[in-house]
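Take a moment to look over the chain below and turn it around on your screen. The report that follows walks through its overall form, its helix contacts, its charged pairs and two residues worth a visit.

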Amino acid sequence: MFPYNEYLQLAKQWATASDEASLRCSVSRAYYACFHLIKVFAEKDGKIFKTDGVAHKEVVDFLKNNLDPNIKMLGVRQDRLRNRRTACDYEKTIKNISGCTKACIMDADSIFNEIKVLV
(Lines give C-alpha, C1' and ligand atoms only; values in the text may rest on other atoms or scores of the structure.)
Protein backbone atom coordinates (compact mmCIF):
# COMPACT_ATOMS: atom_id res chain seq x y z
CA MET A 1 0.00 0.00 0.00
CA PHE A 2 1.19 3.50 -0.81
CA PRO A 3 2.33 5.41 2.29
CA TYR A 4 -0.06 8.39 2.18
CA ASN A 5 1.86 10.13 4.94
CA GLU A 6 4.41 10.91 2.21
CA TYR A 7 1.80 13.17 0.61
CA LEU A 8 1.54 15.01 3.92
CA GLN A 9 5.31 15.31 4.19
CA LEU A 10 5.42 16.77 0.68
CA ALA A 11 2.58 19.15 1.60
CA LYS A 12 4.63 20.37 4.56
CA GLN A 13 7.66 20.96 2.35
CA TRP A 14 5.63 22.95 -0.17
CA ALA A 15 3.97 24.91 2.65
CA THR A 16 7.33 26.54 3.43
CA ALA A 17 7.63 27.97 -0.08
CA SER A 18 6.73 31.54 -0.93
CA ASP A 19 5.21 31.00 -4.37
CA GLU A 20 1.46 30.55 -4.75
CA ALA A 21 1.73 27.43 -6.93
CA SER A 22 3.62 25.55 -4.20
CA LEU A 23 1.16 26.70 -1.54
CA ARG A 24 -1.80 25.57 -3.65
CA CYS A 25 -0.11 22.21 -4.25
CA SER A 26 0.52 21.91 -0.53
CA VAL A 27 -3.21 22.26 0.18
CA SER A 28 -4.01 19.64 -2.45
CA ARG A 29 -1.50 17.09 -1.16
CA ALA A 30 -2.61 17.62 2.46
CA TYR A 31 -6.19 16.95 1.41
CA TYR A 32 -5.36 13.83 -0.59
CA ALA A 33 -3.15 12.44 2.17
CA CYS A 34 -6.14 12.56 4.52
CA PHE A 35 -8.68 11.46 1.93
CA HIS A 36 -6.78 8.25 1.24
CA LEU A 37 -5.91 7.64 4.89
CA ILE A 38 -9.58 7.90 5.86
CA LYS A 39 -10.63 5.63 3.00
CA VAL A 40 -8.17 2.95 4.15
CA PHE A 41 -9.38 3.37 7.75
CA ALA A 42 -13.04 3.00 6.74
CA GLU A 43 -12.44 0.13 4.34
CA LYS A 44 -10.90 -1.92 7.16
CA ASP A 45 -14.41 -2.01 8.64
CA GLY A 46 -15.93 -3.03 5.30
CA LYS A 47 -17.02 0.40 4.04
CA ILE A 48 -17.03 0.59 0.25
CA PHE A 49 -16.72 3.93 -1.52
CA LYS A 50 -17.50 4.74 -5.13
CA THR A 51 -14.52 5.05 -7.41
CA ASP A 52 -15.48 8.39 -8.92
CA GLY A 53 -15.66 11.96 -7.60
CA VAL A 54 -18.62 11.04 -5.39
CA ALA A 55 -16.16 9.27 -3.06
CA HIS A 56 -14.93 12.63 -1.79
CA LYS A 57 -18.35 13.46 -0.34
CA GLU A 58 -18.83 9.87 0.82
CA VAL A 59 -15.65 10.02 2.88
CA VAL A 60 -16.80 13.19 4.63
CA ASP A 61 -20.29 11.74 5.16
CA PHE A 62 -18.81 8.54 6.59
CA LEU A 63 -17.05 10.59 9.24
CA LYS A 64 -19.80 13.11 9.96
CA ASN A 65 -22.46 10.40 10.32
CA ASN A 66 -20.43 8.38 12.82
CA LEU A 67 -21.78 8.08 16.36
CA ASP A 68 -18.36 8.78 17.88
CA PRO A 69 -18.00 12.58 18.37
CA ASN A 70 -14.25 12.39 17.77
CA ILE A 71 -14.79 10.80 14.37
CA LYS A 72 -17.52 13.35 13.57
CA MET A 73 -14.98 16.10 14.23
CA LEU A 74 -12.64 14.47 11.73
CA GLY A 75 -15.46 14.88 9.21
CA VAL A 76 -15.59 18.61 9.91
CA ARG A 77 -11.83 18.88 9.37
CA GLN A 78 -11.87 16.75 6.23
CA ASP A 79 -14.73 18.83 4.82
CA ARG A 80 -12.71 22.01 5.43
CA LEU A 81 -9.74 20.43 3.68
CA ARG A 82 -11.93 19.40 0.75
CA ASN A 83 -13.39 22.90 0.38
CA ARG A 84 -9.97 24.53 0.54
CA ARG A 85 -8.50 22.03 -1.90
CA THR A 86 -11.33 22.70 -4.34
CA ALA A 87 -10.79 26.44 -4.04
CA CYS A 88 -7.03 26.09 -4.56
CA ASP A 89 -7.59 23.90 -7.62
CA TYR A 90 -10.30 26.00 -9.28
CA GLU A 91 -10.44 29.57 -7.99
CA LYS A 92 -8.43 32.27 -9.75
CA THR A 93 -7.73 34.10 -6.52
CA ILE A 94 -7.29 32.74 -3.00
CA LYS A 95 -7.36 35.27 -0.17
CA ASN A 96 -4.56 34.67 2.33
CA ILE A 97 -3.17 31.58 0.63
CA SER A 98 -0.43 31.36 3.25
CA GLY A 99 -2.95 31.22 6.10
CA CYS A 100 -5.08 28.76 4.17
CA THR A 101 -2.08 26.49 3.69
CA LYS A 102 -1.11 26.62 7.36
CA ALA A 103 -4.67 25.80 8.40
CA CYS A 104 -4.74 22.83 6.02
CA ILE A 105 -1.49 21.44 7.39
CA MET A 106 -2.87 21.78 10.93
CA ASP A 107 -6.10 19.99 9.98
CA ALA A 108 -4.21 17.26 8.15
CA ASP A 109 -1.85 16.70 11.10
CA SER A 110 -4.85 16.50 13.38
CA ILE A 111 -6.57 13.92 11.16
CA PHE A 112 -3.43 11.80 10.94
CA ASN A 113 -2.92 11.92 14.71
CA GLU A 114 -6.54 11.01 15.45
CA ILE A 115 -6.60 8.13 12.96
CA LYS A 116 -3.43 6.71 14.55
CA VAL A 117 -5.25 6.62 17.90
CA LEU A 118 -8.27 4.90 16.35
CA VAL A 119 -6.37 2.20 14.46
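## Overall form

Of the 119 residues in the chain, 44% are buried. Keep in mind as you read that this is a predicted model. How does the radius of gyration compare with that of a compact globule? A compact globule of 119 residues would come near 14 Å, and the chain has 14 Å, so the two agree. Along its principal axes, the C-alpha trace spans about 40 × 25 × 25 Å.

What is the chain built from? Its secondary structure consists of five helices and zero strands, and reading along the sequence gives the pattern α-α-α-α-α. Among contacts with a separation of 6 or more, 63% are between residues 24 or more positions apart.

## Helix 4 meets helix 5

Two packed helices are described by the angle between their axes and the distance between the axes. Helix 4 covers residues 69–90 and helix 5 covers residues 97–118. Their axes come within 10 Å and cross at roughly 145°, and the crossing is left-handed.

Which residues make this contact? From helix 4 they include Asn70, Ile71, Leu74, Gln78, Leu81 and Arg84. Helix 5 brings residues including Ile97, Cys100, Ala103, Asp107, Ile111 and Leu118. Sorted by class, the residues of this contact divide into 12 nonpolar, three polar and five charged.

## Helix 2 meets helix 3

Now turn to helix 2 (residues 20–43) and helix 3 (residues 54–64). The axes of this pair come within 10 Å and cross at roughly 65°, and this crossing too is left-handed. Helix 2 contributes Tyr31, Tyr32, Phe35, Ile38, Lys39, Phe41 and Ala42, while helix 3 contributes Ala55, His56, Val59, Phe62 and Leu63. By class, the contact has 10 nonpolar, one polar and one charged residues.

## Charged pairs

How many salt bridges does the structure hold? There are eight, and three of them make a good tour. Start with Asp79 and Arg82, whose closest N and O atoms are 2.8 Å apart. These two sit three residues apart in helix 4, so about one helical turn separates them. Asp79 has a relative accessible area of 14%, which is under 20%, so Asp79 counts as buried.

Next comes the pair of Asp107 and Arg84, with closest N and O atoms 3.4 Å apart. This salt bridge links distant parts of the chain, as Asp107 lies in helix 5 and Arg84 in helix 4, 23 residues apart. Asp107 is buried at a relative accessible area of 8%, whereas Arg84 is partly exposed at 24%. Both residues also appear in the contact between helix 4 and helix 5.

The third pair is Asp89 with Arg85, where the closest N and O atoms are 2.9 Å apart. Both lie in helix 4, four residues apart, about one turn of the helix. Which partner is buried and which is partly exposed? Asp89 is partly exposed, with a relative accessible area of 38%, and Arg85 is buried, at 9%. Elsewhere, salt bridges that share partners join Lys64, Asp79 and Arg82 into one network.

## Two residues to visit

Find Gln78 in helix 4. Is Gln78 buried or exposed? Its relative accessibility is 0%, so Gln78 counts as buried. Leaving aside neighbours within four places in sequence, Gln78 is in contact with Tyr31, Cys34, Phe35, Ile38, Val59, Val60, Leu63 and Ile111. Several names on that list may be familiar: Tyr31, Phe35 and Ile38 of helix 2 also take part in the contact with helix 3, as do Val59 and Leu63 from the helix 3 side.

Then find Asn96, in the loop between helix 4 and helix 5. Most residues other than glycine have a negative phi. Asn96 is not a glycine, yet it has a positive phi of about 50°. With 58% relative accessibility, over the 50% cut-off, Asn96 counts as exposed.

Conventions:
Residues are numbered from 1 along each chain as its sequence is written. This is a predicted model: local features need pLDDT of at least 70, side-chain atom pairs count only at pLDDT 80 or more; totals for chains, interfaces and linings use all residues. Side-chain values use heavy atoms; hydrogens and water are left out. Axes are lines fitted to C-alpha atoms, for helices over the stretch in contact, and angles run from 0 to 180 degrees between N-to-C directions. A crossing is left-handed if the near helix is turned anticlockwise from the far one by less than a right angle, and right-handed if clockwise. Contact means heavy atoms within 4.5 Å. Ala, Val, Leu, Ile, Met, Phe, Trp, Tyr, Cys and Pro count as nonpolar, Asp, Glu, Lys and Arg as charged, and the others, Gly among them, as polar. A salt bridge is a side-chain nitrogen of Lys or Arg within 4 Å of a carboxyl oxygen of Asp or Glu. Buried means under 20% relative accessible area, exposed over 50%, partly exposed in between (1.4 Å probe, protein chains only). The radius of gyration is taken over C-alpha atoms; the globule rule is 2.2 Å times the number of residues to the power 0.38.
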